[in-house]
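Me: I'd like to go through this structure with you in short questions. Could you reason each one out and finish on the answer?

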Amino acid sequence: EQIKQSAEICDQLSKHNEHQSSSFSPDATLLYLSLLTTGDGSQIACVTADRSVQILKSNRPDKLNVAFTGHNLPVTSVNWSRTGQFLLSTSMDKTARIWCSESKDPVLTISNESHNFKAEASNYENKASCIHFCIILYAIRAFSKDINYAAFYYMDKFIVLASGSSIYLYKYHLDLDKLDDVKRYQHNNRYKLVTKLPIESSQSITAFDCGSTFVAHPSRAYNLVITSAVTDGIKLWDLRTSKCVRHYDAHVNRSQPVGVCMSPCMRYIATGSEDKTAYLYDVRSNTYSDRLTGHRDVVFDVAFNPRQPQLATASLDGQLRFYTP
């Protein structure tokens, strides 16, 4: 039933050549956005030029609700957890951070490729243990390239992020009982690398999508993932073979990273473009099915509303636009 409803929503949006749109202009230029909240599309998480992550209400996008700051360089993406309790952001400072509405500081920062486990050299009394400690230190290395995108995965049990031309899968744990100001310095929040998937691409992955977390799909559907890279278009990958099975390149993506999003029914792909429009692709076809106009600059990111026939777009013109049939 969920799949049927989401397919009807996407069909309504894709089968209309003309769309109604509304927009607003925030104080700082919008770069990225996400509508994936608790499944009702009631809140929007977006990134602004002042390195902050902002939460807006979709029915009052001109009114700021919550803002999170902490990244040292521009933020590149933001995504909701399935429950809507957490936000996951990435930045050019080569970190990914998890935010919670109950705390102004990030509850977990991913800055090393392998894990964030700590070890003290004084705990090792013999030579063998000291060697083991050195191995641990060697394994804890920072990311060599920017983390361009990250998302919660599989009922929020994992985190998937893209750095360079590789995709990383992490298992993590959050100590939710220690979010107050006194105990947050004693937290036991941890993450550990599960696997690293190199993608056959000469360009860095700027965005990816593993499908909607709010709609149940057959298990085989989760073997597919889409990635986007500058000058390389959008690619649909089969994780069972690690091979590209389809390529979408009708949109313009020569120099600026643009976002990509799969519809809740997983039948359509939306993406931004440097020609000031957003494109809709049918997953089964290499050609686009619709172009959404209205912006005056590069469309940087797109997001489907999981409950309504609506697509949101963010652009360098400082506007957030909503398209409906």
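Me: Let's start with Arg 291: what is its relative accessibility, and does that make it buried, exposed or partly exposed?
Reply: Keep in mind that this is a predicted model. Arg 291 comes out at 33% relative accessibility. Buried means under 20% and exposed over 50%, so with its 33% Arg 291 counts as partly exposed.

Me: Which residue does the side chain of Arg 291 meet in a salt bridge?
Reply: Arg 291 lies in strand S21, and its partner lies in the loop between S19 and S20, so the pair ties together parts that are 16 residues apart in sequence. That partner is partly exposed, with a relative accessible area of 26%. The N to O distance is 3.7 Å, and the residue is Asp 275.

Me: How many salt bridges does the structure hold?
Reply: One of them joins the side chains of Arg 97 and Asp 93, at 3.7 Å from N to O; Arg 97 and Asp 93 are both buried. Another links Arg 240 with Asp 238, whose closest N and O atoms are 3.0 Å apart. The count for the structure is 6.

Me: In the salt bridge of Arg 240 with Asp 238, which residue is buried?
Reply: Arg 240 has a relative accessible area of 56%, so it's exposed. Its partner has 11%, and buried means under 20%. That makes the buried one Asp 238.

Me: In what order do the strands of the open sheet with S18 run?
Reply: There are 4 strands here, and the pairing is antiparallel. The edge strands, each pairing on one side only, are S18 and S21 (288–292). From one strand to the next the twist averages 20°. The order is S18-S19-S20-S21.

Me: Which residue in S20 is the bridge partner of Ile 269?
Reply: S19 covers residues 268–271, and 4 bridges join this strand to S20, with the two running antiparallel. Ile 269 points one way from S19 together with Thr 271, while Tyr 268 and Ala 270 point the other way, and all are buried. Across in S20, the bridge partner of Ile 269 is Tyr 281.

Me: And on the S18 side, which residue in S19 does Cys 261 stand opposite?
Reply: S18 and S19 run antiparallel, joined by 3 bridges. Their hairpin has 5 residues between the strands, with Met 266 taking a positive phi near 65°. Opposite Cys 261 in S19 stands Ala 270.

Me: Which residue has a positive phi in the turn between S19 and S20?
Reply: These two strands form a hairpin as well, with 6 residues between them. The phi in question is about 70°, and the residue is Lys 276.

Me: Which residues touch the most other members of the largest nonpolar core?
Reply: In soluble globular proteins, nonpolar side chains tend to be buried together. The core here has 26 residues, and the elements that give two or more of them include S10, S14 (205–209), S15 (224–229) and S16 (233–238). Apart from it lies another core, of 19 residues, Phe 86 and Leu 88 among them. In the largest core, the residues touching the most other members are Phe 208, Ile 226, Ile 234, Tyr 248 and Ile 269.

Me: How far apart are the C-alpha atoms of Phe 86 and Cys 100?
Reply: Phe 86 belongs to strand S7 (residues 86–91) and is buried, with a relative accessible area of 9%. Leaving aside neighbours within four places in sequence, its contacts include Trp 80, Trp 99, Cys 100 and Phe 152. Phe 86 and Cys 100 are 14 residues apart along the chain, yet their C-alpha atoms are separated by 4.9 Å.

Me: Which strands stand at the edges of the open sheet that has the order S10-S11-S12-S13?
Reply: The pairing in this sheet of 4 strands is antiparallel, and the twist averages 25° from one strand to the next. S11 and S12 are joined by 6 bridges, with Ile 159 having Tyr 170 in S12 as its bridge partner. An edge strand has a single partner strand, so one side of it is left without a neighbour in the sheet; here those strands are S10 and S13 (190–198).

Technical notes:
Residues are numbered from 1 along each chain as its sequence is written. This is a predicted model: local features need pLDDT of at least 70, side-chain atom pairs count only at pLDDT 80 or more; totals for chains, interfaces and linings use all residues. Side-chain values use heavy atoms; hydrogens and water are left out. A nonpolar core is a set of buried Ala, Val, Leu, Ile, Met, Phe, Trp, Tyr and Cys residues joined through side-chain atoms within 4.5 Å. Buried means under 20% relative accessible area, exposed over 50%, partly exposed in between (1.4 Å probe, protein chains only). Two strands pair if DSSP finds at least two bridges between them. Axes are lines fitted to C-alpha atoms, for helices over the stretch in contact, and angles run from 0 to 180 degrees between N-to-C directions. Contact means heavy atoms within 4.5 Å. A salt bridge is a side-chain nitrogen of Lys or Arg within 4 Å of a carboxyl oxygen of Asp or Glu.
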